[in-house]
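Q: I should like to learn how the features of a protein model are read, one at a time. Could we work through an example together?

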Amino acid sequence: MNNQTEFTVADAIVKELVQAEVDVAYGIVSIHNMPIYDAMLREGSIRMVTSRGESGAVNMADAYARATGKLGVVLTSTGAGAGNGAGSLTETWNSGTPLLHITGEADSNYIGTDQRYIHEAKDQLKMMEGANKTAYLLKRPKQITPFMRKAIKEALTVPTGPVTISIPTNFQAQIIPQNQLIDVETVQNPEVKINIPADVVEKIATAKRPVIWAGNGVIASGASEELQALVDQIQPAVVTSESGKGSIPENHPLCIGNFAVTPQMEELLKKSDLLISIGVRFRGSETYSWTLPVPENHINIDLNPNAFNRNFDTLYTLVGDAKAVLHEINSALKNKEINPDAAFVDEVKSARQAVRDDLRSQIGPYGEVADIMREQLPENTILVTDVTIPGYTWGNKLFDIYEPRNYLYMTGGGIGQGLPMAIGAQIGQPEKPVVLIAGDGGFMVNAGEMITAIQEDTPIIVLLFDDGGYGILRYYQEAAYGRITSVDLKNPDFVMMAKSMGFESEKVRSVDEFKEGLANAIASKKPYMVVVDVEAVGVLEYKDSDEYIASFRPNHG
């Protein structure tokens, strides 16, 4: 091995990653990032996970970050490689996951000259800016250290998100002085003082029909204990965003869960005299396109000041870390006399049951499938749901999550990212079982990453619901036009494909067979795929609103 003694730009990049406590990086090696890979190999402390496509690599780093709370890191090649990762970067931007994407760029002498340097894109920086929170191009090799620190800090600063840095190929192996950049102020840790207005505390203490809406901000700030303490004091209804699943254990009697868009929740909000929203984005799909009735008495807690009046009006937005703010609110409430309304508490418990009963009445055998999953899988299981009917109708609602970071889904709605995300989550949390709910159409998008699961020894369980095509689009086309096109798909024999990749696999055709198949998967402790024959088990009758269906037909806008 070459025991290189010179210090290069690539070495400086790796040095900053190590300083940022990065221990895993995902990606694909290329002539446009080889010096960085070699620097990682020589440094020796960062595990390098090789995916089979840049899209999957970004998903893996994203899921790793979501499952661990650490910075995700991904390396891709220039131009086509960076572009392949762009789709998944839009998912990372949608989820607000802190991620650093390191990519090559054409030789600095050729950028923008139209000379068609190998892998060149017309404007890589602009392409990356469109898919990320922000993107930077290194222009001066000797300034790589502050450049890296700025990018890492940007990824981790609220609103968190992906940041791409492009390093021209001719800079990466350039020898630079090994000088020290020291952030002397970082050793200070001043005591943060939280000042909650008395009026806010009073509104919380006197509310008779309070609702708490918990989002990913609770999870990101590690505020679950503080949230539960607040719930114990004021006895509210607790609804979570999909990103907020697990912020409070979903078997808590007051946790309605990820059921915001239900008639019961709409009724509770309509009659509510207080809403406390914590780290919630209020996405359109989770609010009836922002038409849910939010009470005027709305207290919002968010570290991002731009959350103020963003999707719903907020009477008070408390800008601060959710954990610290909730701790202060809980302390202030201890001096108040709080008399929760017993009738309201009963109403919340009834609503909690009713939303589940209503959903079960609409999904046939799949309520039982969800029960089997929750009974058989350990409490700390990480569930990943791809964009597929079983994922977003019952998987994201009926499979209870008991702790933060144990539920991952495709925030931006792009199909096929579930498999690499499951792999990234398993690498980040090797002690937890990881289960993926996927559909056959989406699964084929990144099916090549199955071999990455084998190579990296990640014993994920894939539950593949096979309905022979894009089931949801089949429904929408039929409902909107009475005819279908391009939605029926020719599929491989999934069991044979899985086995050829090194997975253990079986096909199930009934609920009883599913029960046995899942038990086999858990017992194997190896990568395992259970293929569910949807036609045999039961086709889910999905139904959307007449208004939404009408939007696909010719209209006046």
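The dialogue below goes from the whole chain to single residues.

Q: What should be established before any detail is read?
A: The origin of the coordinates comes before the details. This is a predicted model.

Q: How many helices and strands are in the chain?
A: The chain holds 23 helices and 18 strands.

Q: What radius of gyration does the chain have, and how does that value agree with a compact globule?
A: The general idea is to set the value against one expected from chain length. For 557 residues, a compact globule would have a radius of gyration near 24 Å, and the chain, at 25 Å, agrees with this. Along the principal axes, the C-alpha atoms fill a box of roughly 75 × 60 × 55 Å. Of the 557 residues, 54% count as buried.

Q: What percentage of the contacts in the chain with a separation of 6 or more comes from residues 24 or more positions apart?
A: Residues 24 or more positions apart account for 76% of those contacts.

Q: How is a single helix read, taking α3 as the case?
A: An α-helix has 3.6 residues a turn, so residues three or four places apart point the same way. Length and burial may then be read together. Helix α3, residues 54-68, has 15 residues and spans 21 Å from its first C-alpha to its last, close to the 21 Å expected at 1.5 Å a residue. Because 13 of its 15 residues are buried, α3 is largely enclosed by the rest of the structure. Just after α3, G69 has a positive phi of about 85 degrees.

Q: Which residues other than glycine take a positive phi?
A: S486 and K525 are examples to consider. Phi of S486 is near 65 degrees, and this residue is found in the loop between α19 (471-481) and α20 (494-501). With a relative accessible area of 64%, S486 is exposed. For K525, phi is near 55 degrees; its place is the loop between α21 (511-524) and β18 (528-533). K525 counts as exposed at 66% relative accessibility.

Q: How is a pair of aromatic rings described, and which pair illustrates stacking?
A: Two quantities describe a pair of aromatic rings: the distance of the centres and the angle of the planes. In this structure the count comes to 16 aromatic pairs. Among them, Y366 and W394 are stacked, at 6.0 Å centre to centre with 15 degrees between the planes. This pair links distant parts of the chain, since Y366 belongs to helix α14 (residues 366-376) and W394 to helix α15 (residues 389-398), 28 residues apart. Y366 counts as buried at 3% relative accessibility, and W394 does so at 1%.

Q: What is the geometry of the pair formed by Y366 and F465?
A: The ring centres of Y366 and F465 are 6.2 Å apart and the planes stand at 65 degrees, so the pair is edge-to-face. Here too distant parts of the chain are linked: Y366 lies in helix α14 and F465 in strand β16 (residues 461-466), 99 residues apart. Both Y366 and F465 are buried.

Q: Which residues form one aromatic cluster?
A: One cluster consists of Y392, Y475, Y476, Y542, Y548 and F552.

Q: Which residue lies over the face of Y407?
A: K245 lies over the face of Y407, at 5.4 Å from the ring centre.

Q: Is S243 buried or exposed, and which residues is it in contact with?
A: A residue may be read by its place, its burial and its partners. S243 sits in the loop between β8 (237-240) and β9 (255-257). Its relative accessible area is 19%, and it is buried; the cut-off for buried is under 20%. Leaving aside neighbours within four places in sequence, S243 is in contact with N216, I219, R283, Y409 and T411. The side chains of S243 and Y409 are joined by a polar contact of 3.3 Å.

Q: Where is the place of P159, and what is the peptide bond from V158 to P159?
A: P159 is located in the loop between α6 (144-156) and β6 (162-168). The peptide bond from V158 to P159 is cis, with omega near -5 degrees. P159 is partly exposed, with a relative accessible area of 38%. Not counting residues up to four places away in sequence, P159 touches K133 and N304.

Note on methods:
Residues numbered from 1 in each chain as written. Predicted model: local features only at pLDDT ≥ 70, side-chain atom pairs only at ≥ 80, totals over all residues. Heavy atoms only, no water. Helix = DSSP H or I, 4+ residues; strand = E, 2+ residues; numbered from the N terminus. Expected span 1.5 Å × (residues − 1). Buried < 20%, exposed > 50% of the residue type's maximum accessible area, 1.4 Å probe, protein only. Polar contact = N/O pair within 3.5 Å; in protein donor to acceptor, adjacent residues only side chain to side chain. Contact = heavy atoms within 4.5 Å. Phe/Tyr/Trp six-rings, centres within 6.5 Å; stacked < 30°, edge-to-face > 60°. Lys NZ or Arg CZ within 6 Å of the ring centre and 35° of its normal. Rg over C-alpha atoms; globule rule 2.2 N^0.38 Å.
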